[in-house]
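Got your viewer open? Load the model, switch to a cartoon view, and follow along stop by stop.

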Amino acid sequence: MTTPSEPGHDQLDPGLSAIMSERRQLINLAYRLLGSLAEAEDVVQETYARWYAMTRRQQEDIASPGGWLMRVASRICLDLLGSARARRERYVGEWIPEPLPDRTEWISGRSGGDPAERVTLDESVNMAFLIVLESMTPAERVAFILHDVFGYPFAEVAEIVGRTPAACRQLASSARRRIGAARTPAAPTARQAGIVKDFKQAWEAKDINALISLLDPDATAIVDGGGQVSAGLRPIEGREQIARYLLALAEYAPGLTLLERTVNGQPGLVAQRDGVTVTVAAFDVPGGRIKHIWAVRNPDKLRPWTAAQH
């Protein structure tokens, strides 16, 4: 549960305090609910627009500005999730949540950007987790995120979702079962980083046998091009097929530079051409082999990565 800001003695605008202290929390919430940083930022902007549409007296009557902002943002997200399903049915090819821009190199541990403006990187923003969230109904997703991730009691979740507390408890329980069924024990981060590094080197060397050895026999690769760049319209299944696809891509798109970067809190790869990010890849590495690859190539989803380079 978010803690409301304590107003200072010399504060002139109660709304300013809410903005300064709650923006990061609102981005955290909206990104997890929508899987899109761009949409999350739009939600936060709309939330604050509604705050400032009120009179000063109305603002002062709200005991917890932070709590009010979180409730409004949650309701906006709930509405957007309903329409998002229809939009994604019309989406060209596979849809992958928008990867979070983070310039951390997991070898050196360096990080760029203002930490206060970055979404908290934990299990609830890794790509495998977000993919499971996409399979939930809007109400399940909102109830689960608000209760299990942000610690909201079901009585408050019920007010946001428009269901009874008991119904919200059932929604969160159903979502929890989905998460549990999909979760596989992940290798330690250092081990993941080593495997992804070996994968990068094998791809650069065009070593098909090395690539195959790093992939699980039942590995799956999903590429999101959004219809704007060449990408498979369906998942690529099987390690041999994935390895052949990667080598064909290396021939088709020469001159790529692969960088080791943190993608949604875990070791990933970023491909750049002439300094512009053209692909961001996230990996699921249970045990000692890569089980899933999610590669985002849609330029619209990569704009924050390009902006983060400047």
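Before you click anything, one term: a nonpolar core is a set of buried Ala, Val, Leu, Ile, Met, Phe, Trp, Tyr and Cys residues joined through side-chain atoms within 4.5 Å. Keep in mind too that what you're looking at is a predicted model.

**Stop 1: the whole chain.** Colour by secondary structure and you should find 12 helices and 6 strands. The chain has 310 residues, and 47% of them are buried. Now show the surface: about 14800 Å² is exposed, with carbon and sulfur atoms supplying 52% of that.

**Stop 2: the largest core.** Which residues touch the most other members of the largest nonpolar core? Select L29, V142 and I145: they are the ones, in a core of 49 residues. Next, colour the elements that each give two or more residues to this core, among them α1 (14–34), α4 (65–89), α6 (138–149) and α8 (165–182). The biggest giver is α4, with 9 residues.

Zoom in on V142. Ignoring neighbours within four places in sequence, V142 is in contact with L33, L78, L81, I160 and V161. Show those five side chains as sticks and turn the view around.

**Stop 3: another core.** Apart from the one you just visited lies a core of 25 residues. To find it, select I212, L214, L247 and A281, which are among its members.

**Stop 4: salt bridges.** There are 12 salt bridges in the whole structure, and here are three to look at.

- Select E260 and K197. Their side chains meet in a salt bridge, 3.4 Å from N to O. This pair links distant parts of the chain: E260 is in strand β3 (residues 257–263) and K197 in helix α9 (residues 189–204), 63 residues apart. Buried or exposed, what is E260? It counts as buried because its relative accessibility is 12%, while K197, at 30%, counts as partly exposed.
- Select R239 and E240, whose side chains form a salt bridge at 3.9 Å, N to O. R239 is buried, at 19% relative accessible area, just inside the cut-off, since buried means under 20%. E240 is partly exposed at 32%.
- Select R303 and D300, which meet at 2.9 Å, N to O. Both sit in helix α12 (residues 299–308), 3 residues apart, or about one turn of the helix. R303 is exposed, with a relative accessible area of 58%, whereas D300 is partly exposed at 33%.

Note on methods: Residues are numbered from 1 along each chain as its sequence is written. This is a predicted model: local features need pLDDT of at least 70, side-chain atom pairs count only at pLDDT 80 or more; totals for chains, interfaces and linings use all residues. Side-chain values use heavy atoms; hydrogens and water are left out. Helices (H or I, at least four residues) and strands (E, at least two) are DSSP runs, numbered from the N terminus. Buried means under 20% relative accessible area, exposed over 50%, partly exposed in between (1.4 Å probe, protein chains only). Accessible areas come from the Shrake-Rupley method with a 1.4 Å probe; for residues, only the protein chains shown count as cover. Contact means heavy atoms within 4.5 Å. A salt bridge is a side-chain nitrogen of Lys or Arg within 4 Å of a carboxyl oxygen of Asp or Glu.
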